[in-house]
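The following note sets out points for a colleague at the bench. It should be read alongside the sequence and the structure shown here.

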Amino acid sequence: METSKKGSGRPRKPGAPDAAERMRAARARKRRAGFRLHQSWVSAEPQVYSDHQRLDARSLAMHCLIARKLLATPAIIVQARSTLARWRAQAAEPVPSYFFEWGRILEGRPEEIAAFLASMREDAMRLRQSSPFTNCLTPEERKRIFGAFR
């Protein structure tokens, strides 16, 4: 008794697309939906950063510019120290810990301070949110950086 060899699954209906045609159609649908093939399907739209990431990047850009100015004019450190002293005098008890952290940082050499300002370290990112270097940039420099991070 001889059995005829059958393919797996049920037979295709006449006119139905084969597997390759179905795959091409699925890929075309994904492309039309805005995806691109990169090992797996990913959105082709540019990555949108959160507001917090944008603020961190803007703060980093500002402090990189301040670091360059600091290396050219180390007297900026005196200005930052006086700003920090003024803030500390106006602060309510208990005094926030970032005053002490900035105080230790501002005791360093200009090269060390500039490296810290432009650093991607977690403590540098946190301390840039309460920087005593706020008045080191001109309004034009500040406007240019703010415009770049809209």
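1. Burial classes. In this note, a residue counts as buried under 20% relative accessible area, as exposed over 50%, and as partly exposed in between. Y98 has a relative accessibility of 27% and is therefore partly exposed. F99, at 2% relative accessibility, counts as buried.

2. Status and confidence of the model. The structure is a predicted model. The mean pLDDT of the protein is 86, and 87% of its residues reach 70 or more. Confidence varies along the chain: among the elements, α5 has the highest mean pLDDT, at 96, and strand β2 (residues 40–43) the lowest, at 59.

3. Overall composition. Seven helices and two strands are present in the protein. Read from the N terminus, these elements follow the order α-β-β-α-α-α-α-α-α. Of the 150 residues in the protein, 25% are buried. The accessible surface amounts to about 11300 Å², and carbon and sulfur atoms account for 55% of that surface. Where contacts in the protein link residues at least 6 apart in sequence, 64% of them join residues at least 24 apart.

4. Aromatic pairs. How many aromatic pairs does the structure hold? There are three. In one of them, Y98 with F99, the ring centres are 4.8 Å apart and the planes meet at 45 degrees, so the pair is classed as tilted. Another pair, W102 with F116, is edge-to-face, with 5.9 Å from centre to centre and 90 degrees between the planes. This second pair connects distant parts of the chain, since W102 belongs to helix α4 (residues 97–105) and F116 to helix α5 (residues 110–117), 14 residues apart. Both W102 and F116 are buried. Together with F133, W102 and F116 make up one aromatic cluster.

5. The buried side of α4. Which residues of α4 are buried? They are F99, E101, W102, G103 and I105. The cover over these buried residues includes α3, α5 and α6 (122–127).

6. The loop after α4. L106 lies in the loop between α4 and α5. Its relative accessibility is 2%, so L106 counts as buried. Leaving out residues up to four places away in sequence, L106 touches I77, A80, R81, L84, I113, P132 and F133. One of these partners, R81, is 25 residues from L106 in sequence, yet the C-alpha atoms of L106 and R81 are 6.9 Å apart in space. The list of partners also includes F133, a member of the aromatic cluster with W102 and F116.

7. T83 in α3. Is T83 buried or exposed? T83 is buried, because its relative accessible area is 2% and the class requires a value under 20%. T83 is located in helix α3 (residues 76–90). Not counting residues up to four places away in sequence, T83 is in contact with P132 and N135. P132 is also among the residues that L106 touches.

8. M62 and its partners. M62 is part of helix α2 (residues 51–72). With a relative accessibility of 10%, M62 counts as buried. Setting aside neighbours within four places in sequence, M62 contacts L137, R142, I145 and F146. M62 and L137 are separated by 75 residues in sequence, whereas their C-alpha atoms are 8.1 Å apart in space.

9. A charge over a ring. F146, one of the residues in contact with M62, also has an arginine over its ring. R58 lies over the face of F146, at 4.0 Å from the ring centre.

10. Cysteines. How many disulfides does a search of the whole structure find? The search finds zero. C64 has a relative accessibility of 27%, so C64 counts as partly exposed. C136, by contrast, is buried, with a relative accessible area of 9%.

How values were computed
Residues numbered from 1 in each chain as written. Predicted model: local features only at pLDDT ≥ 70, side-chain atom pairs only at ≥ 80, totals over all residues. Heavy atoms only, no water. Phe/Tyr/Trp six-rings, centres within 6.5 Å; stacked < 30°, edge-to-face > 60°. Buried < 20%, exposed > 50% of the residue type's maximum accessible area, 1.4 Å probe, protein only. Helix = DSSP H or I, 4+ residues; strand = E, 2+ residues; numbered from the N terminus. Lys NZ or Arg CZ within 6 Å of the ring centre and 35° of its normal. Contact = heavy atoms within 4.5 Å. Areas by Shrake-Rupley, 256 points an atom, 1.4 Å probe, with all protein chains shown as cover. Disulfide = S-S within 2.5 Å. pLDDT = per-residue confidence, 0-100.
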